[in-house]
Amino acid sequence: LKPNQMTFQATLDFARQMDAQDSLRSFRNQYLFPQHQGNKCLYFCGNSLGLQPKKAAEFIKEELQHWQELGVEGHFEGELPWTQYHKALAPASAHIVGAQEDEVIIMNTLTVNLHLMMVSFYRPNAERFKIIMEAGAFPSDQYAVETQVRWHGYDPAEAIVEVAPRSGEALLHTEDILAAIEQHGAQTALVLFAGVNYYTGQVYDMPAITAAGHRVGAYVGFDLAHAAGNVPLHLHDWGVDFAVWCTYKYINSGPGAPSGAFVHAKHGNKPQIPRFAGWWGHNEERRFLMEKGFDPIPGAAGWQLSNAPILAYAPMRASHDLFLEAGMPALRAKSEKLTAYLEFLIDSLNIDERRFDIITPRDPAQRGAQLSFLTGPAGKQLFDYLTQNGVICDWREHNLPGEKGEKAGVIRIAPTPMYNSFEDVWRFADLLAKANV
Ligand SMILES: *Cc1c(COP(=O)(O)O)cnc(C)c1O
């Protein structure tokens, strides 16, 4: 038993006591919830699209107003001129991923940034052309990697090394990841992993993977889509070369919100690093001189391409304020308890033939705010029942080689510490207990 589980109780009273003791409980009131029969939904999809901060609309209105009043002058005038807007997004981004402010930039969208970072950090040659990644990575990452490899004239079957779970298992062993890096080391150009696997919720050992990649002379990058705003990250100290993440999942910045990119300071100040450039990455003082010769802004900002999407940036400021106010250490501390409580309640339902097997790691250090569990034979019917009862969560057909159970699907539940309560978790488990499917 984990420390908390010894004292957990499966009662509504207990859940409410936990909420009363939660120093972050007021943050829930800063978000707008979809409704079910006049009440807040049990929203557990923050790993897919985070909820809307109440203040998001104000920040958007402010920029509509600036546009109305200032027109094109809004680029240089107003409290926060549009040419400077990205700088207001740096403090929270840097806090969330553990970086210096000049190592982060919000721009484009996630898959676009993954391509841009690979342009700079996947530069294969005849000796070193391999990319080591996780098997079953998010499809967009698989397509990005496959097409980058082809674009450089290599064969994905030879160049992409996928590290898979052992037979009959759903999770990766760190030692297997490190062994693959060791084995292919001399031919490896890039090690590219997720921070948190989107399906199982497993947190990979990012510092160990980074050190192993560097030992064999490869660059190391991470896709932090499911990690940013969820688990502790120290990209600068770990020495990670680059990272990308989206801000619409745990960072609650709205559908299709712009993405984050991290370029370590050891690379950011080298103008000679190859990249695909645009005018927004050019020396700010000289940008409007419209002259020849790209001169990158030092730091991650030198990877920007285009004139910034201000109306898409705006809601992020509402969300960022809340992250800075709550702080990642407090969010993480609550998250560990909330997920452990969900685990405790699901486990206590496992009686007789009915089993909800959790595939997410049992070790709190190896998971964030997500538990994925196999539905057993109830499959999609269980998910439909939950939906009809006001639960918003996520269903996936089972597709991991190691999964057990015919017809089993996977339900992913992400109790986020920012706006979910212990009562939410209790109510969810109560519905699960009453399921008659
Ligand atoms: C959510 C997610 C994406 C989505 O990419 P977009 O470019 O934002 O559509 C990509 N990769 C991973 C790992 C994800 O979790």
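# Ligand shell and helix packing

Helix 14 and helix 15 cross in a right-handed sense. Keep in mind that this is a predicted model. Below is a quick tour of what sits around the ligand and how a few helix pairs pack, with helix 15 turning up in two of the pairs described here.

**Around the ligand**

- The shell is made up of Leu110, Thr111, Phe138, Asp141, Asp223, Ala225, His226, Tyr248 and Lys249.
- Sorted by class, that shell comes out as four nonpolar, two polar and three charged residues.

**Polar contacts to the ligand**

- Lys249 puts a side-chain N or O atom 2.5 Å from a ligand oxygen atom.
- For His226, a polar side-chain atom is 3.1 Å from an oxygen atom of the ligand.
- Asp223 pairs with a nitrogen atom instead: an N or O atom of the Asp223 side chain is 3.3 Å from that ligand atom.
- As for cover, the ligand on its own has 390 Å² of accessible area, and the protein covers 83% of that.

**Helices packing on helix 15**

- Two numbers do the work in this part: a packed pair of helices is described by the angle between the axes and the distance between them.
- Helix 14 (residues 379-388) packs against helix 15 at about 130°, and the two axes are 10 Å apart.
- That angle makes helix 14 oblique to helix 15, because only angles over 145 degrees would count as roughly antiparallel.
- Helix 13 (residues 328-348) also meets helix 15 (residues 422-434): their axes come within 10 Å and cross at roughly 15°.
- So helix 13 runs roughly parallel to helix 15, given that the cut-off for that label is under 35 degrees.
- The crossing of helix 13 and helix 15 is right-handed, and so is the crossing of helix 14 and helix 15.

**Helix 4 and helix 12**

- Helix 4 (residues 90-97) and helix 12 (residues 310-326) have axes that come within 9 Å and cross at roughly 50°.
- Helix 4 and helix 12 are therefore oblique to each other.
- As for handedness, helix 4 passes helix 12 in a left-handed crossing.

Notes: Residues are numbered from 1 along each chain as its sequence is written. This is a predicted model: local features need pLDDT of at least 70, side-chain atom pairs count only at pLDDT 80 or more; totals for chains, interfaces and linings use all residues. Side-chain values use heavy atoms; hydrogens and water are left out. A residue is near a molecule or strand if one of its heavy atoms lies within 4 Å of it. A polar contact is a pair of N or O atoms within 3.5 Å; within protein, one must be able to donate a hydrogen and the other to accept it, and residues adjacent in sequence count only if both atoms are side-chain atoms. Accessible areas come from the Shrake-Rupley method with a 1.4 Å probe; for residues, only the protein chains shown count as cover. Ala, Val, Leu, Ile, Met, Phe, Trp, Tyr, Cys and Pro count as nonpolar, Asp, Glu, Lys and Arg as charged, and the others, Gly among them, as polar. Axes are lines fitted to C-alpha atoms, for helices over the stretch in contact, and angles run from 0 to 180 degrees between N-to-C directions. Helices (H or I, at least four residues) and strands (E, at least two) are DSSP runs, numbered from the N terminus. Angles under 35 degrees count as roughly parallel, over 145 as roughly antiparallel, 65 to 115 as roughly perpendicular and the rest as oblique. A crossing is left-handed if the near helix is turned anticlockwise from the far one by less than a right angle, and right-handed if clockwise.
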